[in-house]
Amino acid sequence: MSDSLITKKALAKAVKELMEVESFHKINIKSICDICGLSRKTFYYHFSDKYDLLNWIFQTEFFADYVKMSEANDSWQKLNIMLNFFYKHKRFYQNALEYTGQNSFYEYLFETLNPLLEDYVLENFYYIDEQNEEDYEFYVNFYTSAIRYLIVDWLREGAKIEPDKLTTLIRNAITKVALNIVEDLHSD
């Protein structure tokens, strides 16, 4: 492992430790550097600010689970892997939700969920005219936004529902609505 990666991981570990006990907004570069014994200069060599570090954590920590997701058979297994990851690290992600600006967890979550929903809509909404890209994008964004809202709400409320159960609830809600849409289209 390169020295740069070791340093980045140390800084990430420090910010995660801090986020276990305090709000992300209260964390500053000095406190991150103090925990891992690095200078501010070293921090700024690797990251432009604490938000850049937070985004790096989203991208790198979730990557291993994202690889597992790519090997999963369907969108629901992928969603379940994602929910289990967030559940395992719920305190960190609860605090990460406090920041809602550019490169926030909220945005990252949309970007991560969107391909899952693209696959789902493509596989299951066969009645959508593939030539009508606007309708397709609307359905994908609709479901992505709905599931993101549910995940954010679930995390903010302490992730009291087990991830497997939440996956089942989301799946039932979406598939039953989709089934009703198809039945309505065919009854006309």
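These questions and answers concern the fold, a helix pair and a cavity in a predicted model.

Colleague: How many helices and strands does the chain have?

Modeller: From the N terminus on, the elements run α-α-α-α-α-α-α-α-α. Of the 188 residues, 39% count as buried. The count for the chain is nine helices and zero strands.

Colleague: Are α5 and α7 roughly parallel or roughly antiparallel to each other?

Modeller: Two packed helices are described by the angle between their axes and the distance between the axes. Here the axes of α5 and α7 come within 9 Å and cross at roughly 160 degrees. Angles over 145 degrees count as roughly antiparallel. The pair α5 and α7 is therefore roughly antiparallel.

Colleague: How do the residues of the contact of α5 with α7 divide by class?

Modeller: On the α5 side the contact is made by S75, W76, K78, L79, M82 and F86. The α7 side contributes F105, L109, T112, L113, L116, D119 and Y120. By class, these residues are nine nonpolar, two polar and two charged.

Colleague: Which elements give two or more residues to the lining of the second largest cavity?

Modeller: The whole structure holds two cavities of 30 Å³ or more, and the second largest has about 50 Å³ of space. Its lining consists of S75, W76, L79, L113, L116, L117 and I147. The elements that give two or more of these residues are α5 (75–88) and α7 (105–124).

Colleague: How many charged residues are in the lining of the second largest cavity?

Modeller: Six residues of the lining are nonpolar and one is polar. The number of charged residues in the lining of the second largest cavity is zero: there are no charged residues.

Note on methods: Residues are numbered from 1 along each chain as its sequence is written. This is a predicted model: local features need pLDDT of at least 70, side-chain atom pairs count only at pLDDT 80 or more; totals for chains, interfaces and linings use all residues. Side-chain values use heavy atoms; hydrogens and water are left out. On a 1 Å grid over the protein atoms alone, a cavity is a set of points where a 1.4 Å probe fits but cannot get out, and a pocket is an open set with protein on both sides within 12 Å along at least five of seven lines; lining residues have an atom within 4 Å of a point. Grid points are joined across faces, edges and corners, and a volume is the space filled by probe spheres set on the points. Helices (H or I, at least four residues) and strands (E, at least two) are DSSP runs, numbered from the N terminus. Ala, Val, Leu, Ile, Met, Phe, Trp, Tyr, Cys and Pro count as nonpolar, Asp, Glu, Lys and Arg as charged, and the others, Gly among them, as polar. Axes are lines fitted to C-alpha atoms, for helices over the stretch in contact, and angles run from 0 to 180 degrees between N-to-C directions. Angles under 35 degrees count as roughly parallel, over 145 as roughly antiparallel, 65 to 115 as roughly perpendicular and the rest as oblique. Contact means heavy atoms within 4.5 Å. Buried means under 20% relative accessible area, exposed over 50%, partly exposed in between (1.4 Å probe, protein chains only).
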